Amino acid sequence: MSENTHDKLPIRMLHDRVLVRTDSPEGERRSGGGILIPATAAVGRRLAWAEVVAVGQNVRTVEIGDRVLYDPEDRAEVEVRGVAYVLMRERDLHAVAADRFQCASDSTGLYL
């Protein structure tokens, strides 16, 4: 199985748990056209992207380094060595965007 640490994190994930680092801090963001959207702007329920940094031994569908889509309103945050991470179960992930799926000839599904 893959190494379960990212930059030698002093934590080992158990069972079906996944530890992710969010792509960008909450706050202002830019639209596809470059328009700045303030953090106070009301938007509907929006999913967020994050990078998997550690996985438990029972995680089967994601690997360290994958980018995953999750619901930021349904999360548990943890701070390790001053860096904020999100801890969740594998079943709480909505999608995986990984380079390893693009080259797979036996791939049968659509991955974002």
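1. The note opens with a side-chain to backbone link: a polar atom of the Q57 side chain lies 3.4 Å from the backbone nitrogen of H15. A polar contact here is a pair of N or O atoms within 3.5 Å; within protein, one must be able to donate a hydrogen and the other to accept it, and residues adjacent in sequence count only if both atoms are side-chain atoms.

2. On the basis of the note, this is a predicted model, in which local features need pLDDT of at least 70 and side-chain atom pairs count only at pLDDT 80 or more, while totals for chains, interfaces and linings use all residues. Residues are numbered from 1 along each chain as its sequence is written, and side-chain values use heavy atoms, with hydrogens and water left out.

3. The protein contains one helix and eight strands, arranged along the sequence as β-β-β-β-β-β-β-β-α. Helices (H or I, at least four residues) and strands (E, at least two) are DSSP runs, numbered from the N terminus.

4. Of the 112 residues in the protein, 28% are buried. Buried means under 20% relative accessible area, exposed means over 50%, and partly exposed lies in between (1.4 Å probe, protein chains only). The protein exposes about 7800 Å², of which carbon and sulfur atoms supply 48%; the areas come from the Shrake-Rupley method with a 1.4 Å probe, and for residues only the protein chains shown count as cover.

5. Six strands form an open sheet in the order β6-β7-β1-β4-β5-β8, with antiparallel pairing. Its edge strands, each pairing on one side only, are β6 (76-80) and β8 (93-97). From one strand to the next, the twist averages 45°; axes are lines fitted to C-alpha atoms, for helices over the stretch in contact, and angles run from 0 to 180 degrees between N-to-C directions.

6. Within this sheet, β1 (residues 17-22) and β7 (residues 83-89) pair in the antiparallel sense over four bridges. Two strands pair if DSSP finds at least two bridges between them. L19 has L87 in β7 as its bridge partner. In general, strands of a sheet pair through backbone hydrogen bonds, either parallel or antiparallel.

7. V68 belongs to strand β5 (residues 67-70) and is buried, with a relative accessible area of 0%. Not counting residues up to four places away in sequence, V68 touches V20, A48, W49, A50, V52, V62, L93, A95 and V96; contact means heavy atoms within 4.5 Å. Across the protein, 64% of the contacts between residues at least 6 apart in sequence join residues at least 24 apart. V68 and R21 are 47 residues apart in sequence, and their C-alpha atoms are 10.0 Å apart in space.

8. Q57 sits in the loop between β4 (48-55) and β5, where Q57 is partly exposed at 41% relative accessible area. Its backbone partner, H15, is in the segment before β1 and is partly exposed at 45%.

9. Two residues merit attention for their backbone angles. Most residues other than glycine have a negative phi. H15, although not a glycine, has a positive phi of about 50°. R81, also not a glycine, has a positive phi of about 55°; R81 lies in the loop between β6 and β7 and is exposed, with a relative accessible area of 63%.

10. D71 lies in the loop between β5 and β6 and counts as buried at 5% relative accessibility. The D71 side chain reaches the backbone nitrogen of E73 at 3.1 Å.
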